[in-house]
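I opened my notebook to record what I looked up in this structure, one topic at a time. My first topic is the ligand and its surroundings.

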Amino acid sequence: MKKLFETAPEPRKACLIGIRDAATGREEAESLLTELTALARTLGVTVLCGEIVVVREHGSRYGMGTGKAEEISAKVRELGADCLIFDQELSPSRQRNWEKLTGISVLDRQELIIQIFSSRAGTREAELQTELARLRYSLPRLSHKYIDLSRQRGGRYGTRGSGETRLETDRRLVERQIHKLESELDVVRRRRDTRRKKRQQAGILSCALVGYTNAGKSSLLNALTNASVFVEDALFATLDSTTRRLVTASGFSLLLTDTVGFIRRLPHDLVDSFRSTLEEVSLAGLVIIVLDASDPNTDYQYRTVLEVLGSLGAAEKPMLIVLNKTDRAVAMEALKGRYPSSLAVSALKKQGLDALLRRIEEMAGELSGHTTP
Ligand SMILES: Nc1nc2c(ncn2[C@@H]2O[C@H](COP(=O)(O)OP(=O)(O)OP(=O)(O)O)[C@@H](O)[C@H]2O)c(=O)[nH]1
Ligand SMILES: [Mg+2]
């Protein structure tokens with residue numbers, strides 16, 4: 001899809017900044033920074049440095065003290081970085097202040113994730129949803145991209161005056177494009193609704209596989225149904241939902257849907273845009289939460305999944321927790337202790353799948369009468 005606005009030149013060499021404050025402890029800040037590194041690498045960015053800044057008072061200009069901000073600015077210049085990436089969401093004005101200070105492009109985690117989605121969207125629906133999120137994210141930042149950056153980057157768009165005139169035109173263009181995408185998505189959504197209604201009429205239990213990105217949702221769908229959904233050791237391999245019908249050994253039928261993965265601090269623009277895909281989750285009769293048992297952050301994964309489910313209005317759904325990748329998990333006993341009603345499986349080695357299907361059947365029995373909304 002043709003991009004109306006390129007946010008910034010493709011970053012290649014980045015410095016990453018994590019923030020430790022009253023709301024984010026040391027361990028969490030470190031694991032977020034590790035994750036931010038993985039996100040940056042997914043886009044092919046070379047990470048030159050990563051630093052956690054302890055912030056006691058969020059100064060309004062940079063979100064930290066001016067002295068610390070200047071120190072970071074000197075460091076990125078010395079290292080030759082062409083991009084600074086913050087783990088925390090930056091307001092448009094803070095982003096502008098940082099770009100003025102450093103002279104390089106400044107992104108936040110949100111923009112990084114949106115860029116990954118853009119680079120991975122493989123179907124028309126995923127493309128539409130991603131582009132919508134990108135435009136919504138860029139709308140409040142247009143002034144900054146067109147006035148300040150144009151001057152910084154060699155006056156690509158002329159003087160301040162012409163920048164402002166252009167800004168108005170561009171804002172209208174973006175708004176028009178947003179409306180166009182919304183109505184295109186509406187058509188897609190209606191088609192999806194028709195398909196869903198047909199399934200509901202068939203009275204079959206629909207189960208949605210949800211979980212953190214890379215937890216193994218697609219692998220599990222493939223292992224259970226012999227489907228061939230794309231699986232990759234990368235973040236956000238799946239951006240579309242795929243539904244397969246499954247018949248168990250005892251003849252019980254159910255529908256299993258693979259969905260887009262979640263991540264901590266998932267951009268709200270993306271959650272909004274992906275609402276039609278994610279509706280598969282809010283309309284499912286049973287939500288199967290897939291956790292990566294080999295990841296030291298299993299608990300964060302679980303919390304994030306619950307948060308996103310909450311924002312989708314699906315927090316009260318019947319749920320089943322599946323601990324996947326048990327073939328390479330090191331602390332299974334402790335995990336089983338923390339998730340006592342979970343089931344342990346390995347999608348890769350096809351272990352624990354029969355027990356999983358039996359549990360689903362049991363739950364379906366308990367739910368019968370109100371299996372699908
Ligand atoms: N060792 C091991 N690896 C697994 C298992 N299940 C999945 N994987 C691997 O984990 C990686 C991610 O698997 P996917 O199935 O793509 O994960 P996903 O949850 O669909 O990820 P997204 O689509 O990015 O949200 C792949 O490299 C899989 O081969 C498992 O049981 N054991
Ligand atoms: Mg997947």
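Entry one, the ligand. I looked up what surrounds ligand 1 and noted 23 residues, the closest being Gly-216, Ser-218, Asp-233, Thr-238 and Gly-261. I should keep in mind that this is a predicted model. When I asked which element gives the most to this shell, I found helix H8 (residues 217-225), with three residues. I then sorted the shell around ligand 1 by character, and its residues divide into seven nonpolar, ten polar and six charged.

Entry two, a strand. I turned to strand E5 (residues 205-211) and wrote down that it is mostly covered, as seven of its seven residues are buried. Leu-205, Cys-207, Leu-209 and Gly-211 point one way from E5, while Ser-206, Ala-208 and Val-210 point the other way. I recalled that in a regular strand the side chains alternate between the two faces of the sheet.

Entry three, its partners. I looked up the pairing of E5 and found that E5 and strand E7 (residues 253-258) are parallel, with five bridges; within E7, Leu-256 is the bridge partner of Cys-207. E5 is also joined by five bridges to strand E8 (residues 286-292), again in the parallel sense, and there Val-290 is the bridge partner of Gly-211.

Entry four, the core. Which residues have the most contacts inside the largest nonpolar core? I noted Leu-84, Ile-85, Cys-207 and Val-287, in a core of 85 residues. I followed Cys-207 further and, leaving aside its neighbours within four places in sequence, listed its contacts, among them Leu-254, Leu-256, Ala-284, Ile-288 and Ile-360.

Key: Residues are numbered from 1 along each chain as its sequence is written. Chains are lettered from A and ligands numbered from 1 in the order in which they are written. This is a predicted model: local features need pLDDT of at least 70, side-chain atom pairs count only at pLDDT 80 or more; totals for chains, interfaces and linings use all residues. A residue is buried if 20 or more other C-beta atoms lie within 10 Å of its own, exposed if 12 or fewer, and partly exposed in between; C-beta atoms are placed from the backbone. Helices (H or I, at least four residues) and strands (E, at least two) are DSSP runs, numbered from the N terminus. Two strands pair if DSSP finds at least two bridges between them. A residue is near a molecule or strand if its C-beta atom, placed from the backbone, lies within 6 Å of it. Ala, Val, Leu, Ile, Met, Phe, Trp, Tyr, Cys and Pro count as nonpolar, Asp, Glu, Lys and Arg as charged, and the others, Gly among them, as polar. A nonpolar core is a set of buried Ala, Val, Leu, Ile, Met, Phe, Trp, Tyr and Cys residues joined through C-beta atoms within 7 Å. Two residues are in contact if their C-beta atoms, placed from the backbone, lie within 7 Å.
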